[in-house]
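The following exercises concern the overall form of a protein chain and two of its residues. Work through each task before reading its solution.

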Amino acid sequence: MKEFLEIYEENKEKIDYFIQESLKNIGKLSSHKRYNFAQLFNIFPSLELVYIVNKETKIQISDDIYKHKTDSKGKDKDRSYLITKLEFKDNNFAFSRPYISSATRSNCITVSVKESEEIIFLDFRLDILLEKLNLIELHKPFHSITKAFYMFVGISMITLATITILFSLYDFIYYLIVKQDIQLELMFKPIIALTLGIAIFDLAKTILEQEVFFKSYSKNSRVETKMITKFLITIIIALSIEALIVVFKIAINDYDKMINALYLITGVSFILIALSIFIYFTKRK
């Protein structure tokens with residue numbers, strides 16, 4: 001879904017102009033109130049919600065009007081938080097940034113039109129809008145399968161991360177209370193498991209946010225860079241702890257194999273250097 005935002009941003013001026021001119025050609029929108037804006041829903045397949053707010057009181061004075069139904073839940077609600085964010089042009093039109101609609105739970109943009117003492121809000125579903133303008137080719141069954149797959153993978157990763165953390169804590173508590181046999185290695189194992197659990201959870205959270213729930217719509221390198229950086233830092237911490245354990249075990253039991261600990265520490269150092277170079281070039285870009 002993040003690709004939709006990128007396409008919208010690239011064509012924003014053309015899309016806004018198309019919607020604006022189309023609405024102007026229809027005439028006064030307030031004249032369509034008596035028919036629940038049926039003509040607008042027929043003209044714009046991407047239009048999914050219309051409601052009206054009083055310009056002075058900032059109170060919603062109409063029901064939430066959908067294509068095939070109306071809902072009175074939004075009526076008489078204070079919409080001042082929306083109006084303060086609007087930046088109207090000279091032609092009394094204002095366009096929002098893409099966001100998740102609390103009413104329909106879909107990704108949309110809102111076009112606000114000032115007419116007399118009213119502000120008419122029109123929510124356009126972003127993916128359908130781009131499809132109707134031939135900017136994307138949306139294959140809904142495949143899109144649904146892809147979304148379901150990402151959800152399955154993300155939830156599975158979170159589940160496995162939780163199991164890993166719980167098992168490591170259980171193992172630690174078992175040796176601490178039941179066997180009463182605590183060794184240095186057992187002290188570090190839960191820390192490694194917790195660190196890896198955090199890394200897996202962060203990766204799963206990013207997948208779900210970007211591909212399923214669309215909390216973040218930013219299609220740029222910053223989101224991916226932040227995810228990769230956090231993941232690699234967590235892995236480096238886990239490997240560094242493991243290298244420390246190896247050093248202690250070899251130093252106590254088998255000193256002539258210290259070279260193996262050096263190999264592990266060298267590998268961690270190479271990963272750290274690679275991450276530093278990656279961060280340097282991404283910031284420079």
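Accessible areas come from the Shrake-Rupley method with a 1.4 Å probe. The model is predicted.

**Exercise 1.** State how much area the chain exposes and what share carbon and sulfur atoms supply.

*Solution.* The exposed area of the chain is about 17400 Å². Carbon and sulfur atoms supply 60% of this area.

**Exercise 2.** Decide whether the chain is spread out or compact, using its radius of gyration.

*Solution.* Begin with the secondary structure: the chain contains nine helices and seven strands. Next, compare two values: the radius of gyration is 28 Å, whereas the globule rule gives 19 Å for 285 residues. The first value is well over the second, so the chain is more spread out than a compact globule. Finally, consider the box filled by the C-alpha atoms, which is roughly 90 × 45 × 40 Å along the principal axes.

**Exercise 3.** Classify F37 as buried or exposed, and describe its phi angle.

*Solution.* First, locate F37 in the loop between α2 (12-26) and α3 (38-43). Its phi is near 60°, a positive value in a residue other than glycine. Buried means under 20% relative accessible area. F37 has a value of 1%, so F37 is buried.

**Exercise 4.** Classify D76 in the same manner.

*Solution.* D76 belongs to the loop between β3 (70-71) and α4 (80-83). The phi of D76 is also positive, near 70°, and D76 is not a glycine. Exposed means over 50% relative accessible area. With 59% relative accessibility, D76 is therefore exposed.

Conventions. Residues are numbered from 1 along each chain as its sequence is written. This is a predicted model: local features need pLDDT of at least 70, side-chain atom pairs count only at pLDDT 80 or more; totals for chains, interfaces and linings use all residues. Side-chain values use heavy atoms; hydrogens and water are left out. Helices (H or I, at least four residues) and strands (E, at least two) are DSSP runs, numbered from the N terminus. The radius of gyration is taken over C-alpha atoms; the globule rule is 2.2 Å times the number of residues to the power 0.38. Buried means under 20% relative accessible area, exposed over 50%, partly exposed in between (1.4 Å probe, protein chains only).
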